[in-house]
Amino acid sequence: MVRLTGGFRRFQNRWYHPDEPLFDALRQGQSPQALLIACSDSRVDPVLLTDSRPGDLVIVRNVANLVPPYDPDGGSHGVSAALEYAVKHLGVRDIIVMGHACCGGIRALVDEAEEGEKGGEGHGGSEADEFIGPWVSVARKALAKVMETMPEASAADRARLCEKWSVRLSLDDLMTFPWVRSRVDAGELMLHGWYFDLQSGELLEYDPEREVFHPLVGHPRHA
């Protein structure tokens, strides 16, 4: 906690300095550049990864950076609410779904499938999970694609491919929101799929025409 409060003090010194006018403008309102949907993983902080300033991004973080499909059933939908606010009220021009390597949520989904193949009862542990399984089941279509294309692959290879497929699935799910689709069709909104490779340090981007991920930012220059 001392480290965190010390970090807040450094934040104050940087952004509440008399010579820094940023928060003078932000007190009047926000005009972010993009909505970025990222994973809750502590290693994948989108502000640090993009070197963004306060006010640059609307950020949604959840396990495995998932976007559920449009479903206005009257229930509580945190991701959909943030998406609606960013698109309708803040008028963001870009939405980025950023997946990453070594994702624990995707690995849980793959492990559960592996257990099912073996006739087991799924991943448990000393205390059974209550919410992770139902949430990551949003990505079951992505896992099905992986199982179809790589039926003999190892669990690690399946997980890596599923991480990328889940980004593609979330992009598809974004288009199920009518007010997202209408803005994309009108050229007022662009969707992007990113993948941060923790192992290589690269940032990959999904190319929907070629259906592949290619380097957007390559290997670190000092590597």
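This is a short talk on a few strands, cysteines and charged side chains in one protein structure. Please keep in mind throughout that the model is predicted.

Let me begin with strand E3, which covers residues 94–100 and is mostly covered, since 6 of its 7 residues are buried. What does strand E3 pair with? On one side of our account there is strand E1, residues 34–39, which pairs with E3 in the parallel sense over 4 bridges, and if you would like one position to look for on the screen, Ala 34 has Asp 94 in E3 as its bridge partner. Then there is E4, which also runs parallel to E3 and is joined to it by 7 bridges; here you can look for Val 97, whose bridge partner in E4 is Gly 193. While you have these strands in view, it may help to recall that in a regular strand the side chains alternate between the two faces of the sheet.

Now let me turn to the cysteines. How many disulfides does a search of the whole structure find? The search finds 0. Cys 102, for instance, is in no disulfide, and the nearest cysteine sulfur, which belongs to Cys 103, lies 9.2 Å away. Cys 103 itself has its closest cysteine sulfur in Cys 39, at 4.1 Å, and this is too far for a bond, because a disulfide requires the two sulfur atoms to be within 2.5 Å. The two cysteines can also be described by their accessibility: Cys 102 counts as partly exposed, at 36% relative accessibility, whereas Cys 103 is buried, with a relative accessible area of 3%.

Next come the salt bridges, of which the structure holds 9, and I will go through three of them. One joins the side chains of Arg 14 and Glu 20, with a distance of 3.3 Å from N to O; Arg 14 is partly exposed at 44% relative accessibility, while Glu 20, at 18%, counts as buried. Another joins Asp 41 and Arg 43, whose side chains meet at 2.6 Å, N to O, and here Asp 41 is buried at 13% relative accessibility, whereas Arg 43 is partly exposed at 44%. In the third of my examples, the side chains of Glu 211 and Arg 168 meet at 3.9 Å, again N to O. This pair links distant parts of the chain, for Glu 211 sits in the loop between E5 and strand E6 (212–217), Arg 168 belongs to helix H8 (residues 155–174), and the two are 43 residues apart. Arg 168, at 14% relative accessibility, counts as buried.

I would like to finish with Glu 202, which is found in the loop between strand E4 (190–196) and strand E5 (203–207). Which side chain of opposite charge is nearest to Glu 202, and how far away is it? That side chain is Arg 160, at 6.6 Å, and Glu 202, although buried, has no salt bridge; the distance to Arg 160 is 6.6 Å, and a salt bridge would need a nitrogen and a carboxyl oxygen within 4 Å. What the side chain of Glu 202 does make is a polar contact with the side chain of Ser 200, at 3.2 Å. Leaving aside its neighbours within four places in sequence, Glu 202 is in contact with several residues, among them Tyr 195, Phe 196 and Asp 197, and also Pro 215, Val 217 and His 219.

Notes: Residues are numbered from 1 along each chain as its sequence is written. This is a predicted model: local features need pLDDT of at least 70, side-chain atom pairs count only at pLDDT 80 or more; totals for chains, interfaces and linings use all residues. Side-chain values use heavy atoms; hydrogens and water are left out. Buried means under 20% relative accessible area, exposed over 50%, partly exposed in between (1.4 Å probe, protein chains only). Lys and Arg count as positive and Asp and Glu as negative; His and the chain ends are not counted. A polar contact is a pair of N or O atoms within 3.5 Å; within protein, one must be able to donate a hydrogen and the other to accept it, and residues adjacent in sequence count only if both atoms are side-chain atoms. Contact means heavy atoms within 4.5 Å. Two strands pair if DSSP finds at least two bridges between them.
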